[in-house]
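Visitor: Please choose one part of this model and take me through it closely, residue by residue where that helps. Then show me how that part fits with the rest of the chain.

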Amino acid sequence: MQLSAAVKRRHIGLQQLEAIAASTHGFLGPNKWPKLIQDEDAGDAMLVRSCSRLLECIELDGSVGQLLLQTVQAQQKLFHSGTAALVFLAGVWSRVALECLNRGITVLDIKTAMRKDWRCVWRYANNRL
């Protein structure tokens, strides 16, 4: 997706959120088989199979990563599941918002549309899978 320079500068948080979500989904895969993560600095290693655990293990710089981590931890604490879906949806919403911004749609119009009909995000996600 080609983004204008102004969109890239102004909406870096959406880009970061999309990148984290894509990386998380790509690393864990659809079956969530355990993956080995190694901390070369500390010499530690651990098996990770959940999205929440993966996000806890990697260094998330910046406010977007920290907000995502806190949201995922709250989801895990309250419901004990659904963190991968939550991160996936956050990534899809970010991608949709970036595409809309690139097409000149205002932030207010994007927020209004997503509040009224979140099914548009589902349709977009299903077309991308």
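Guide: Start with S52, which is in contact (heavy atoms within 4.5 Å) with V72, Q76 and T83, once neighbours within four places in sequence are left aside. The model is predicted, so local features need pLDDT of at least 70 and side-chain atom pairs pLDDT 80 or more, while totals for chains, interfaces and linings use all residues. Residues are numbered from 1 along each chain as its sequence is written, and side-chain values use heavy atoms, with hydrogens and water left out.

S52 belongs to helix α3, which covers residues 51-57. Helices (H or I, at least four residues) and strands (E, at least two) are DSSP runs, numbered from the N terminus. Helix α3 is the part to look at here. S52 is buried because its relative accessibility is 5%; buried means under 20% relative accessible area, exposed means over 50%, and partly exposed lies in between (1.4 Å probe, protein chains only).

One place before S52, at the start of α3, is C51. The relative accessibility of C51 is 2%, so C51 counts as buried. One of the residues in contact with C51 is T24.

Further along α3 comes L55. L55 has 0% relative accessibility and therefore counts as buried. Not counting residues up to four places away in sequence, L55 touches I20, T24, L60, L68, L69, V72 and V87. V72 is also among the contacts of S52. Eleven residues separate L55 from Q66 in sequence, and the C-alpha atoms of the two are 9.4 Å apart in space.

The next residue, E56, is in α3 as well. With a relative accessible area of 40%, E56 is partly exposed. Beyond four places in sequence, E56 is in contact with L69 and Q73. L69 appears in the contact list of L55 too. E56 and Q73 are 17 residues apart along the chain, and their C-alpha atoms are separated by 8.6 Å.

C57 closes the helix, at the end of the range 51-57. Its relative accessible area is 26%, so C57 is partly exposed. The structure holds zero disulfides, a disulfide being a pair of cysteine sulfur atoms within 2.5 Å.

Now follow the contacts outward to T24. T24 lies in helix α2, residues 12-28. T24 is buried because its relative accessible area is 4%. Apart from residues up to four places away in sequence, T24 touches C51, L54, L55 and V87. V87 is therefore a second link, since L55, buried at 0%, touches V87 as well.

V72, Q76 and Q73 lie within α4 and V87 within α5, going by the ranges 62-79 and 83-102. Between α4 and α5 there is a loop, and H80 is found in it. Phi of H80 is near 60°, a positive value in a residue other than glycine. H80 has a relative accessible area of 59%, so H80 is exposed.

Helix α3 also bears on one of the pockets. A pocket is an open set of points on a 1 Å grid over the protein atoms alone, where a 1.4 Å probe fits, with protein on both sides within 12 Å along at least five of seven lines; lining residues have an atom within 4 Å of a point. The second largest pocket is lined by I37, Q38, D39, D41, D44, A45, M46, C57, I58 and E59. C57, the last residue of α3, is thus in that list. Strands β1 (35-39) and β2 (44-48) each supply at least two residues of this lining.

The largest pocket has a lining of 15 residues, and L14, L17, A90, W93 and S94 lie nearest its centre. Elements giving two or more residues to that lining are α2, α4, α5 and α6 (107-116). Helix α5 gives the most, with five residues.

Last, the chain as a whole. It has seven helices and two strands, and from the N terminus the elements run α-α-β-β-α-α-α-α-α. The chain has 129 residues, of which 31% count as buried. Among contacts with a separation of 6 or more, 49% join residues 24 or more positions apart.
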